[in-house]
Amino acid sequence: MLNTLSFSGLAAGQRAVHLRVIETTDLHLHLLPYDYYADRPSAGVGLSEAARLIDEARTEAGNSVVFDNGDFLQGTPMGDYVAHQTGLRDGDVHPIMAAMNAVGYDAITLGNHEFNYGLDFLMATLDGANFPVVSANLAVGLGSEPRKDTTLVKPYVLLDRMLKDQTGFEHPIRIGVVGFAPPQVMDWDNHALDGRLHARDIVEAARAWVPEMREAGADLVIALAHTGIGSARYSHGMENAAIPLARVPGIDALLTGHSHLLFPSPVFGSLPDVDIATGTIAGKPAVMAGCWGAHIGVIDMLLVHEAGEWQVLGTRSEVRALPTVQEIEHADPAAPRDNGPSERVVEAVAQAHADTLTSIRRPVGTSSEALHSYFTHLGVTGSLQVVAEAQRDYVRARITDPDLVDLPILSAVAPFKSGGRGGPAGYTDVPAGPVALRHIADLYPFPNAIAALCLTGAEVIEWLERSAAAFNRIRPGSTGTPLRNGDVPGYNFEVIDPLDVIYDLSQPARYDFAGVMINEQAHRVISVMLDGEPLDPQGRYLLCTNSYRAGGAGKFAGAKASNLVLSDESVTRDILHRHVREHGSLRRPDHGSLRFKAMPNTSVIFETGPAAMAHMNEIEGFHPEQRGLTPHGFLRLKLDLSHGA
């Protein structure tokens, strides 16, 4: 397709133009190949390294544009350092903007995590951008229809470019770029956005703004859609709206993200209107480039100007990955290193990187034991319990309503870092001894605000049933079944402290991976005890959680506004930090447990990080047997469920 002179769709005398569209998405402030939680370099991630791929992709194509698809502002301790310790004064340029300016983006859009530090901080960050920022469905004031909204940033931008064909002749083209964010941002960061921002449905906004872009002379419309590839059936307000969005007339190409996956890839092969062979959604070229700068997305478009209009003759979509650790180790050390975007990114963020390292290494307390997430799904929940205790103390001190003050306080925490898409190194691992700020961030990586709900015991049990979707159904007497359901990320596996919970994994799941009830008769939760007594289904309990969960993310029972009894802007990670400073140590309470019902002569396969080898004594009850490493580097263990450990 790239040989435009021989493309079979060309008529005699036609001059075709090759345009390459390049995407990054979900960078989450991974600017350098460095793991701040482990405090060591980490190959295979970072915008500075992705910039090399971008530069190569630009060099290969005569014409190119580069876009970012959102969720760039939050995700590493550098983001917290800039937001909470230094702030942004007039004239300051945030490290992410300095890095993006060095790469030379043509435009970017906003994701949901851009709002984690508040609206004012986001706008101060965007002041440093040397490129347009677009988002069509986020507004500071709603009108009678989308085109009458007062949008937070420009809904779209028109880029006038000159494209060269293979003979060197230049052709003017106007590229329209429009952006979209998941409307759930209003739920997830409601404490900071309520009354200040409004979010429209993605497809509704597209149907309004795309025709205006065409009226304004857009020859080509590219959608920067911070949304995943989900249901083909449209529903108003849907979070993962890529397929219905692709069906909107006038959109020529779609850049997606949000779910940290790759497209084209086999994971989407069974969805209607999705063709992974051609890399199209509803016939439109599309791409999704994973996360953290580990990949870039590339869409090649063959265009021809006919009768005063540009037409798309052919497309090709692909995802390009950074070199693996093995490829880096075997690279020629004498090979020349460029001084292009990559080095400029490193220089642009060098001071922020150095300051962040100083900050994260500062001691704040101690821990008498190692705290990790290698076996959280097996009931080794110490790393969650220390967070749960801090949440509980904070909420207890702030509940003053006489109707609530004497209710039992429960605390829900999920293992945000538990492998999966984070890879074999993507686990919390805090050693015994001095605790630094980086360890606090390791225990709770996201800047979620604290929240508390008043729930019935029945709703708490349903919350646990939703968490039980994290496990596959295990047939008694079987061997070799993977314990974890790979479709359920760690952040949707909630452990509620100080409850003693027993799951029966021989039962089918009550909820699917997305939180939709699929079997009303199924009950995996067979015992829930609090202080030695069964949880009362009719009783009332306070549940500490975070703003993201309380706003409905993950579809957990009772997570709704009518049950919200506490919500402020205090970030859970800061609460944990203060908790450690006040007590001098990370304290794991001696209560609460998670167990499985015994299944004689039954074993499962469990995958975790190789560093879990240092903690095998903690799961002796499962009689673990090593089964080597997976192709992706995870440690495979055979576990015996005969004793219900």
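Valine 21 of strand E1 stands opposite valine 65 in strand E4. In this predicted model, that contact belongs to a parallel pairing of E1 with E4 (residues 64–68), which runs over 5 bridges. E1 also pairs with strand E18 (residues 295–306), here in the antiparallel sense and through 8 bridges. In that second pairing, isoleucine 22 of E1 stands opposite valine 298 in E18. Strands of a sheet pair through backbone hydrogen bonds, in either a parallel or an antiparallel sense.

E1 itself covers residues 16–24, and 9 of its 9 residues are buried. In a regular strand the side chains alternate between the two faces of the sheet. For E1, one side carries Ala16, His18, Arg20, Ile22 and Thr24, and the other carries Val17, Leu19, Val21 and Glu23. Both of these faces are covered, with every residue in the two sets buried. The buried residues thus include charged ones such as Arg20 and Glu23.

Helix H1 (residues 47–60) has 14 residues. From its first C-alpha to its last, H1 reaches 20 Å, close to the 20 Å expected at 1.5 Å a residue. Which residues of H1 are buried? They are Leu47, Ser48, Ala50, Ala51, Arg52, Leu53, Ile54 and Ala57.

Two packed helices are described by the angle between their axes and the distance between the axes. The axes of H1 and helix H3 (residues 95–103) come within 10 Å and cross at roughly 20 degrees. Because angles under 35 degrees count as roughly parallel, H1 is roughly parallel to H3. The crossing of H1 past H3 is right-handed.

Helix H11 (residues 382–396) can be checked in the manner used for H1. Its 15 residues should span 21 Å at 1.5 Å a residue, and its end C-alpha atoms are 21 Å apart, so the two values agree. Of the 15 residues of H11, 13 are buried, so the helix is largely enclosed by the rest of the structure.

Further along the chain, 4 strands form an open sheet of mixed pairing, in the order E26-E35-E37-E36. Its edge strands are E26 (481–482) and E36 (625–629), each of which pairs on one side only. At one edge, E26 runs parallel to strand E35 (residues 603–608) and is joined to E35 by 2 bridges. There, threonine 481 stands opposite valine 604 in E35. At the other edge, E36 and E37 pair in the antiparallel sense over 3 bridges, and leucine 629 stands opposite leucine 635 in E37. E36 and E37 form a hairpin with 5 residues between them. Within the turn of this hairpin, glycine 633 has a positive phi of about 95 degrees.

The remaining topic is charge pairing. Side chains of opposite charge can pair when their charged atoms come close. A search of the whole structure finds 30 salt bridges. One of the pairs lies in the open sheet: arginine 636 forms a salt bridge with glutamate 607, the closest N and O atoms being 3.7 Å apart. Arginine 636 lies in strand E37 (residues 635–640) and glutamate 607 in strand E35, so the pair ties together parts that are 29 residues apart in sequence. Arginine 636 is partly exposed, with a relative accessible area of 28%, and glutamate 607 also counts as partly exposed, at 34% relative accessibility.

Another salt bridge joins the side chains of arginine 147 and glutamate 215, at 3.3 Å from N to O. Arginine 147 lies in the loop between strand E7 (138–141) and strand E8 (150–151), and glutamate 215 lies in helix H7 (residues 202–215), so this pair ties together parts that are 68 residues apart in sequence. How exposed is each partner? Arginine 147 is partly exposed, with a relative accessible area of 32%, whereas glutamate 215 counts as exposed at 59% relative accessibility, because the cut-off for exposed is over 50%.

Aspartate 160 forms a salt bridge with arginine 174, with 2.7 Å between the closest N and O atoms. This pair links distant parts of the chain: aspartate 160 is in strand E9 (residues 156–164) and arginine 174 in strand E10 (residues 170–180), 14 residues apart. Aspartate 160 counts as partly exposed at 48% relative accessibility, as does arginine 174 at 26%.

Terms used: Residues are numbered from 1 along each chain as its sequence is written. This is a predicted model: local features need pLDDT of at least 70, side-chain atom pairs count only at pLDDT 80 or more; totals for chains, interfaces and linings use all residues. Side-chain values use heavy atoms; hydrogens and water are left out. Buried means under 20% relative accessible area, exposed over 50%, partly exposed in between (1.4 Å probe, protein chains only). Two strands pair if DSSP finds at least two bridges between them. The expected span of a helix is 1.5 Å times one less than its number of residues. A salt bridge is a side-chain nitrogen of Lys or Arg within 4 Å of a carboxyl oxygen of Asp or Glu. Axes are lines fitted to C-alpha atoms, for helices over the stretch in contact, and angles run from 0 to 180 degrees between N-to-C directions. Angles under 35 degrees count as roughly parallel, over 145 as roughly antiparallel, 65 to 115 as roughly perpendicular and the rest as oblique. A crossing is left-handed if the near helix is turned anticlockwise from the far one by less than a right angle, and right-handed if clockwise.
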